[in-house]
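User: I would like a close look at one part of this model. Please keep to what the coordinates show.

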Amino acid sequence: KQWYQRRVVITAGGSDCNAELLKSAEKMGIFQNLYCGRGTDSLPKERSYDLICSSGVFFLSKSHPCTEVFEDLAKLIKHGGSLLILTKKSYLEQDYVNWELVRKLTDSGVLKKMDTTFVEGYRRAFEYEEDRLGMGAILHYKVVEVEAGAV
């Protein structure tokens with residue numbers, strides 16, 4: 001079994017800066033905690049989650065979340081938990097994506113890069129895009145055991 005097949009999600013939460021999308025999520029009846037706001041300011045401050053998964057949010061533009069929030073997200077994830085980011089592969093190569101911030105987190109022992117998986121057909125390609133296959137990227141990081149105050 002893959003690591004994600006062995007975990008059982010008991011508490012599910014969601015965050016978005018669009019209140020209407022959160023109302024739709026609330027109607028689904030599967031989320032115990034929904035947070036409205038930009039960035040991580042509205043989120044809980046303690047390590048509450050085994051997994052944070054984001055699909056289609058990161059790296060879209062300079063105004064969307066990027067690597068600068070990885071450290072804050074790591075603070076929300078229990079030690080040994082995972083951060084999964086699903087995004088379009090071509091977005092990873094944008095000049096506004098600061099991979100040095102992620103390197104500092106891995107070098108300091110906050111995050112451990114597990115793997116990056118590329119998948120075809122992540123989303124329909126726009127007519128102006130060179131990537132006709134709609135390649136997606138799944139980034140997987142583990143929050144490793146760190147001493148108190150390191151994150």
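Is Phe-70 buried or exposed, and what is its relative accessible area?

Analyst: This is a predicted model. Phe-70 has a relative accessible area of 0%, so Phe-70 counts as buried, the cut-off being under 20%.

Phe-70 belongs to helix H3, and its ring forms a pair with that of Tyr-141 in strand S6 (residues 136-143). The two residues are 71 apart along the chain, and the pair thus links distant parts of it. The ring centres are 5.7 Å apart and the planes stand at 70 degrees; because an angle over 60 degrees counts as edge-to-face, the pair is of that kind. The count of aromatic pairs comes to one. Tyr-141 is buried as well, with a relative accessible area of 2%.

Next, the surroundings of the helix. Strand S3 (residues 49-55) and strand S4 (residues 77-88) run parallel and are joined by six bridges. Between these strands the chain passes through H3 (residues 70-76), in a β-α-β crossover that is right-handed. Within the strand pairing, Cys-53 has Leu-84 of S4 as its bridge partner.

The loop between S3 and H3 holds Cys-66. Cys-66 is buried, at a relative accessible area of 4%. Leaving aside residues up to four places away in sequence, Cys-66 touches Phe-58, Phe-59, Tyr-96 and Val-97. The C-alpha atoms of Cys-66 and Asn-98 are 7.8 Å apart, while 32 residues separate the two in sequence.

One further ring can be noted: Lys-89 lies over the face of Phe-118, 4.6 Å from the ring centre.

Note on methods:
Residues are numbered from 1 along each chain as its sequence is written. This is a predicted model: local features need pLDDT of at least 70, side-chain atom pairs count only at pLDDT 80 or more; totals for chains, interfaces and linings use all residues. Side-chain values use heavy atoms; hydrogens and water are left out. Two strands pair if DSSP finds at least two bridges between them. Helices (H or I, at least four residues) and strands (E, at least two) are DSSP runs, numbered from the N terminus. A crossover is right-handed if, with the strands pointing away from the viewer, the path from the first strand over the helix to the second runs clockwise. Rings of Phe, Tyr and Trp (its six-membered ring) pair if their centres lie within 6.5 Å; planes under 30 degrees apart count as stacked, over 60 as edge-to-face and the rest as tilted. Buried means under 20% relative accessible area, exposed over 50%, partly exposed in between (1.4 Å probe, protein chains only). A charge sits over a ring if NZ of Lys or CZ of Arg is within 6 Å of the ring centre and within 35 degrees of the ring normal. Contact means heavy atoms within 4.5 Å.
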